[in-house]
Every structure is written in structure tokens, then in C-alpha cells.
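Here are my notes for a colleague opening this entry for the first time. Please keep the structure in view while reading.

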Amino acid sequence: MKLPKLRELGEAIKALFKGPYTSKFPKLPHKPHPNFRGQPEFDQDKCVGCLACEEICPSGAIAHEDIIDEKGISQRTMIHYTDVCIFCGQCEAICIADQQGIKLSNQWELSFFNRKEAYETIEKELQICEICSSAIACKDHLKWITERIGELAFSSPTLYLSHLRRLGIVDENIISVLRDKGRSDRIKILCARCRRETTLTTKE
Ligand code: SF4
Ligand code: SF4
């Protein structure tokens with residue numbers, strides 16, 4: 001007769017006292033191990049919409065959509081497709097917001113009937129160029145950069161103007177005073193192309 005190995009015997013004795021290793025799912029809800037690597041989830045407040053996670057994702061499970069319309073809506077929707085995610089954790093590791101913008105959760109129950117519904121989203125407000133209305137970056141991302149580089153932000157008009165705008169220091173009253181020969185354009189938040197054009201073009 002083949003005798004059980006010592007390790008197997010130890011496990012069997014342990015199971016006598018601790019109960020079975022298997023759970024009674026679906027009769028009882030399953031509680032995953034604390035280290036279980038489940039579905040990543042965005043954090044609406046901590047994500048700054050920088051798109052680093054989208055760049056690094058090996059399976060194309062993260063995408064974004066920018067909406068800029070005439071009604072004044074300018075927002076970036078960050079999308080996570082749960083059906084193609086492989087839970088590798090690269091998005092969390094690369095996240096510039098101290099690995100807090102997106103995090104692996106212990107969410108494991110991912111079954112769905114309609115594959116088109118297998119995604120989740122968050123919305124971030126976009127900063128648009130005040131001349132051509134193209135997207136520059138998310139407002140939270142500009143704030144994040146300004147806080148990181150401190151006084152160096154004053155070398156970038158877009159960064160310090162968006163900071164002053166947040167503080168309510170630059171407003172439409174100041175801009176309207178300067179509506180001559182393109183001077184008002186200097187205190188607008190601009191994309192790189194419009195900044196170059198307004199700086200280099202001499203208006204008559
Ligand atoms: S866990 Fe991996 S596959 Fe899933 S979204 Fe993050 S980077 Fe992409
Ligand atoms: S802040 Fe993090 S979660 Fe948000 S877009 Fe950037 S890398 Fe992705």
C-alpha cells in the first residue's frame with residue numbers, strides 16, 4: 001500500500017480542524033484571498049486622465065474618448081474593457097497618480113450576457129485651447145504637473161495660466177481690457193500650436 005506523504009498528511013489533519021479548503025459558492029458568497037488580483041477599477045477623484053495606463057496596457061483594455069462640443073462640454077471619458085483585460089497590473093504600476101488612479105480590486109465575478117456592456121468608465125474635465133478649441137489635457141493633469149514642478153510651472157504660460165484661473169486671479173475682465181493687437185491672446189490657455197502662432201505672429 002502506498003503511504004501518504006507527510007505534507008499531504010499534515011494538510012489532511014489541518015483540514016479536519018480548519019474545515020475544507022473549497023468554498024460553498026454559489027450557495028454561499030465567495031470571499032477572495034486579500035492578495036487576489038481581480039478587475040482593475042478607476043478612481044474618479046485620483047485619476048488625472050493622463051493616458052499613461054492606456055499606453056502601457058498590453059491587451060488594449062483601456063481607451064479614451066474626448067468630447068468637445070458647441071454646448072461647452074469638454075470631457076475625456078476613460079474606458080476600461082473588462083472582457084479583454086488580463087489583470088496583469090501594468091496600469092496600476094505605471095499610474096502617475098501614485099498608483100491610485102487605477103487599482104486592481106478583488107472583484108472576480110465578471111460574467112455578463114452582453115459583451116458590449118463589459119466596460120466601465122469615468123469622466124474627467126478637459127482643458128481646451130481658448131483659440132482653436134482642441135484638447136490640451138485634462139484639467140486635473142495640468143494641476144498635477146503644476147504641483148509637481150512647483151515654480152518651474154511659470155516657464156509654461158499654459159500651466160501658470162490654468163493655475164491662476166483655478167485660483168480665480170485671471171478672469172474675463174482682465175482679458176477684455178487687453179483686446180488689442182493680440183495682447184489678450186497672451187493670457188489665454190493655448191495649445192502648443194496656437195501659443196507658437198500668437199507669440200511669433202506680429203499683428204498690425
Ligand atoms: S490589468 Fe493589464 S490588461 Fe488589464 S487594464 Fe491594466 S494593463 Fe490592461
Ligand atoms: S492617472 Fe493613472 S489611471 Fe488615470 S489615466 Fe493616468 S495612468 Fe491612467
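1. A residue counts as near a molecule if its C-beta atom, placed from the backbone, lies within 6 Å of it. The model is predicted. Around ligand 2 there are 15 residues, and C47, C50, C53, C95 and G101 come nearest. By class, this shell holds 13 nonpolar and 2 polar residues. No charged residue belongs to the shell of ligand 2.

2. Does the length of helix α1 point to a mismatch or to agreement with what is expected? Helix α1 covers residues 6-18, which is 13 residues. At 1.5 Å a residue the helix should span 18 Å, and its end C-alpha atoms are 18 Å apart, so the two agree. The helix is hardly covered: its count of buried residues is 0. G19 follows just after α1 and takes a positive phi of about 90°.

3. Helix α4 (residues 139-149) does have buried residues: K139, D140, H141, L142, I145 and T146. These pack against β5 (119-128), β6 (135-138) and α5 (157-167). Just after α4 comes G150, with a positive phi of about 60°.

4. The domain assignment splits the protein chain into domain 1 (33-127) and domain 2 (129-204). Where do they touch? Contacts join 10 residues of domain 1 to 12 residues of domain 2. On the domain 1 side, β2 (62-68) and β5 each give two or more residues. The largest share, 4 residues, comes from β5. That side divides into 4 nonpolar, 2 polar and 4 charged residues.

Note on methods
Residues numbered from 1 in each chain as written. Chains lettered and ligands numbered in written order. Predicted model: local features only at pLDDT ≥ 70, side-chain atom pairs only at ≥ 80, totals over all residues. Buried ≥ 20, exposed ≤ 12 C-beta atoms within 10 Å, placed from the backbone. Contact = placed C-beta atoms within 7 Å. Nonpolar A, V, L, I, M, F, W, Y, C, P; charged D, E, K, R; others polar. Expected span 1.5 Å × (residues − 1). Domains from an automatic or database assignment.
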